[in-house]
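Grab a pencil and work through these exercises with the structure open beside you. Try each task before you read the solution.

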Amino acid sequence: MWAEPVDARDTGGTYRLANNAFFAPLVVGDLVEARLDATGFLQVVDVVEPADSILTLVAFDPSQADGVCAIADGWRQQGAQWSEGSGAFLCTSWPGLSTCDVLTVVTPAVVAGHVELLELLTTPEREDWAGHVLDLRLDLPFSHRAPRRLRSVRQERPRG
């Protein structure tokens, strides 16, 4: 995750997210608390204040990724804040828009068969989902991936 320190110390603190978490209902602008775990990595332990943002998750044919990227670029001109992709999926944050507004933007790509809308979560739904699906206990073992540090948006982002 990329994040901007809000009230951070050597052991952790609060951070404003600067990108979407791909496998969690966290988006740009969410204020989270993170603390160092036993291995020295920052780990999100609480969602302090969620951003007023809808989160969408769409699936697409990976062979059509360039076209879907162009579609997502167009969504930015219509209110999307940030899209995060992985494989055949794209999650996008939509700050300050209504569900109807977001569906108005996304539906043409769905109807044309470019993407399949898998999920649309409002801020209260993201909060509820986070409470049920995120395990925010500190120092959990990571069996499926190595832990990653929260990085400041002030650091240069890798290209590619």
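**Exercise 1. Place F22 in the chain, then decide: is F22 buried or exposed?**

Step 1. Find F22 along the sequence: F22 sits in the loop that links β2 and β3. Keep in mind that you're looking at a predicted model.

Step 2. Check how much of the residue can be reached. F22 has a relative accessibility of 18%, and the cut-off for buried is under 20%, so F22 counts as buried.

Step 3. Look at what surrounds it. Skipping residues up to four places away in sequence, F22 touches L57, E84, G85, S86, F89, L90 and C91.

Step 4. Pick one of those partners, F89. F22 and F89 are 67 residues apart along the chain, yet their C-alpha atoms are separated by 9.0 Å.

**Exercise 2. Work out what pattern the chain follows along the sequence.**

Step 1. Count the elements: there are 3 helices and 9 strands.

Step 2. Put them in order. Reading along the sequence gives β-β-β-β-β-α-β-β-α-β-α-β.

Step 3. Now ask how far apart contacting residues are in sequence. Take the contacts between residues at least 6 apart: 59% of them join residues at least 24 apart.

Step 4. Finish with the surface. The chain has 160 residues, and 38% of them are buried. Its accessible surface is about 9200 Å², with 52% belonging to carbon and sulfur atoms.

**Exercise 3. Compare three strand residues, R16, E33 and I54: which are partly exposed, and which is buried?**

Step 1. Locate them. R16 is in strand β2 (residues 12-17), E33 is in strand β3 (residues 31-36), and I54 is in strand β5 (residues 53-59).

Step 2. Read off the relative accessible areas. R16 comes out at 31%, so R16 is partly exposed. E33 has 26%, so E33 is partly exposed too. I54 has just 5%, so I54 is buried.

Step 3. List the partners of R16, leaving aside neighbours within four places in sequence. They are W2, A3, E4, V6, G29, D30, L31 and E49. Of these, V6 is 10 residues from R16 in sequence and 6.5 Å away in space, C-alpha to C-alpha.

Step 4. Do the like for E33, again not counting residues up to four places away. E33 touches G13, T14, Q43, V44, V45, D46 and V48. From E33 to Q43 it's 10 residues in sequence and 8.3 Å between C-alpha atoms.

Step 5. Now I54, with residues up to four places away left out once more. I54 touches T92, S93, W94, L97, S98, T99, V102, L120, L121 and T122. One of them, T99, is 45 residues along the chain from I54, with 7.4 Å between the two C-alpha atoms.

**Exercise 4. Describe the second largest pocket: what volume does it have, and which element gives the most to its lining?**

Step 1. Start with the idea behind the search. Rolling a probe the size of a water molecule over the atoms shows where empty space is left.

Step 2. Get the volume: the second largest pocket comes to about 250 Å³.

Step 3. Look at the lining. There are 16 lining residues, and C69, A72, S83, G85 and L90 lie nearest the centre of the pocket.

Step 4. Trace the lining back to its elements. Those giving two or more residues are α1 (65-76), β6 (82-86) and β7 (89-95). The helix α1 gives the most, with 6 residues.

Step 5. Sort the lining by type: you get 8 nonpolar, 5 polar and 3 charged residues.

**Exercise 5. Find how many disulfides the chain has, and check two of its cysteines: where do C69 and C100 fall on the accessibility scale?**

Step 1. Recall what you're looking for. A disulfide is a covalent bond between the sulfur atoms of two cysteines.

Step 2. Apply the cut-off. With sulfur atoms required to be within 2.5 Å, the count is 0 disulfides.

Step 3. Classify C69. Its relative accessibility is 48%, so C69 is partly exposed.

Step 4. Classify C100. Its relative accessible area is 53%, and exposed means over 50%, so C100 is exposed.

Conventions. Residues are numbered from 1 along each chain as its sequence is written. This is a predicted model: local features need pLDDT of at least 70, side-chain atom pairs count only at pLDDT 80 or more; totals for chains, interfaces and linings use all residues. Side-chain values use heavy atoms; hydrogens and water are left out. On a 1 Å grid over the protein atoms alone, a cavity is a set of points where a 1.4 Å probe fits but cannot get out, and a pocket is an open set with protein on both sides within 12 Å along at least five of seven lines; lining residues have an atom within 4 Å of a point. Grid points are joined across faces, edges and corners, and a volume is the space filled by probe spheres set on the points. Helices (H or I, at least four residues) and strands (E, at least two) are DSSP runs, numbered from the N terminus. Ala, Val, Leu, Ile, Met, Phe, Trp, Tyr, Cys and Pro count as nonpolar, Asp, Glu, Lys and Arg as charged, and the others, Gly among them, as polar. Buried means under 20% relative accessible area, exposed over 50%, partly exposed in between (1.4 Å probe, protein chains only). Contact means heavy atoms within 4.5 Å. Accessible areas come from the Shrake-Rupley method with a 1.4 Å probe; for residues, only the protein chains shown count as cover.
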